Amino acid sequence: MSFVSYGDLASTFQTRHLTAQIKQDMARLGLELSTGRKAGLATQVSGDFGPVAGIEHSLKLQSAYDQSIAEATTVLAGAQTVLGAVQNQAEAVSGDLILAVSSRNGGLLHATAVDARERMASVISNLNTSLGGRALFAGTASDGPALAGADAILSEVMIAIAGETTAAGISDRIDDWFTTPGDGFDTMAYQGADQDLGPFRLRDGEIASQPFRADSTEIRDLLAALAKSAVLAEGALAGDFDAQRALVKRSSGNLLDAMDGLTGARAYIGRIEARIEAAAASNAAEKAALELSYNRLTAADPYETATALQALYDQMESLYTVTARLSSLNFTDYMR
């Protein structure tokens with residue numbers, strides 16, 4: 001009977017080759033076990049990387065949508081909070097104005113006018129709120145305040161009503177200053193842009209913006225209503241209690257109308273927030289489906305990988321055992 005044997009050098013080379021191959025396979029399986037992904041992806045997809053590349057692109061797009069949605073959510077929530085604070089200020093001064101008008105008390109009327117001036121300053125400060133360095137109500141000019149300071153605005157309003165001696169005249173002039181295009185509010189008070197903040201891309205074919213700026217009709221009407229009382233604290237109609245009372249009455253009525261406008265604005269923002277929430281839920285479902293498909297193409301089964309890794313470990317251990325025994329074999333043992 002004939003057989004083929006290997007010399008010592010050939011056996012050494014063969015052992016080294018087997019050892020290197022096993023170590024390479026163990027490293028590959030260890031990487032798959034730690035990352036959960038197939039190391040040999042080309043084999044897994046039969047060389048067709050098109051589906052994998054398409055899914056990866058879609059997942060990156062979903063991540064971009066997620067970031068845009070998070071930003072939109074923050075901006076809209078901030079705007080909702082600010083408008084809520086503004087509405088609370090308006091409600092507080094409205095009740096005081098009604099009480100002042102009915103009391104026929106000159107001291108209370110003046111105190112209410114002073115409070116209206118302070119609350120107007122607070123409203124303007126709220127409308128100049130920024131989030132992350134981005135002004136919420138300045139439109140696309142988000143790197144600066146939306147409105148000039150309250151003192152500067154009231155100073156310009158006082159200049160605009162100079163010479164007016166009746167409540168009706170002052171009321172009409174203030175309305176013109178705040179609401180007429182190209183008048184004082186546009187040229188001096190509002191410092192933002194005429195484009196809305198955004199848009200934020202929610203998903204394919206759907207965007208959202210922060211639709212209210214400090215020059216929106218609802219804000220103009222509110223500031224005009226507050227200014228009609230605030231100018232009394234600046235000395236307008238001084239000494240004419242009946243005219244002052246008539247102006248405060250107009251201010252109170254206009255303020256109630258302005259609050260209705262604010263309620264509508266907040267409801268509109270709420271609908272946008274609901275749309276953003278729906279887009280986020282839809283994107284999450286689509287992302288989950290994409291990740292499932294991606295895992296089916298690229299994921300390594302942890303049980304199978306661990307089993308194969310253990311088998312290689314046993315194979316390596318057996319190789320070392322055989323090598324150790326062969327290295328200690330002598331001629332006497334061989335002849336037995």
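The paragraphs below lead through this predicted model, from its overall make-up to its core and then to several individual residues.

The protein has 336 residues, of which 36% count as buried, and its secondary structure consists of eleven helices and four strands. Its accessible surface comes to about 17900 Å², and carbon and sulfur atoms account for 54% of that area. When contacts with a sequence separation of 6 or more are considered, 78% of them are between residues 24 or more positions apart, and several of the residues discussed below give examples of partners brought together from separate parts of the chain.

The interior is a good place to begin. The largest nonpolar core holds 72 residues, and among these Met 120 and Phe 178 touch the most other members. The elements that give two or more residues to this core are the helices α3 (50-103), α4 (106-127), α5 (150-160), α6 (167-179), α7 (184-189), α8 (217-233) and α9 (241-298), together with the strand β3 (197-203). The largest share comes from α3, which supplies 13 residues. Leaving aside residues up to four places away in sequence, Met 120 touches Ile 153, Leu 154, Phe 178, Leu 223, Leu 226, Ala 227 and Ala 230, so that the two residues named above for their many core neighbours, Met 120 and Phe 178, are themselves in contact under the cut-off of heavy atoms within 4.5 Å.

Strand β3, one of the contributors to the core, also takes part in a pairing with β4 (residues 206-210), to which it is joined by four bridges in an antiparallel arrangement. Within this pairing, Phe 200 has Ala 208 of β4 as its bridge partner. The two strands form a hairpin with two residues between them, and Gly 205, which lies in the turn, has a positive phi of about 85°.

Helix α3 can next be followed through two of its residues. Gln 62 lies in this helix, and it counts as buried because its relative accessible area is 4%, which is under the 20% limit. Where does the polar side chain of Gln 62 make a polar contact? The partner is the side chain of Glu 286, at 3.4 Å. Apart from residues up to four places away in sequence, Gln 62 touches Asn 283, Glu 286, Lys 287 and Leu 290. Gly 84 is likewise in α3, and is it buried or exposed? Gly 84 is buried, because its relative accessibility is 9%. Although Gly 84 and Leu 262 are 178 residues apart in sequence, their C-alpha atoms are 8.6 Å apart in space.

Two loop residues complete the tour, and they can be considered together for their backbone angles. Arg 104 is placed in the loop between α3 and α4, and its phi is near 55°, a positive value in a residue other than glycine. Leu 237, found in the loop between α8 and α9, also has a positive phi near 55° and is likewise a residue other than glycine. Which of the words buried and exposed applies to Arg 104, and which to Leu 237? Arg 104 counts as exposed because its relative accessibility is 54%, whereas Leu 237, at 11% relative accessibility, counts as buried.

Notes. Residues are numbered from 1 along each chain as its sequence is written. This is a predicted model: local features need pLDDT of at least 70, side-chain atom pairs count only at pLDDT 80 or more; totals for chains, interfaces and linings use all residues. Side-chain values use heavy atoms; hydrogens and water are left out. A nonpolar core is a set of buried Ala, Val, Leu, Ile, Met, Phe, Trp, Tyr and Cys residues joined through side-chain atoms within 4.5 Å. Buried means under 20% relative accessible area, exposed over 50%, partly exposed in between (1.4 Å probe, protein chains only). Two strands pair if DSSP finds at least two bridges between them. Accessible areas come from the Shrake-Rupley method with a 1.4 Å probe; for residues, only the protein chains shown count as cover. A polar contact is a pair of N or O atoms within 3.5 Å; within protein, one must be able to donate a hydrogen and the other to accept it, and residues adjacent in sequence count only if both atoms are side-chain atoms.
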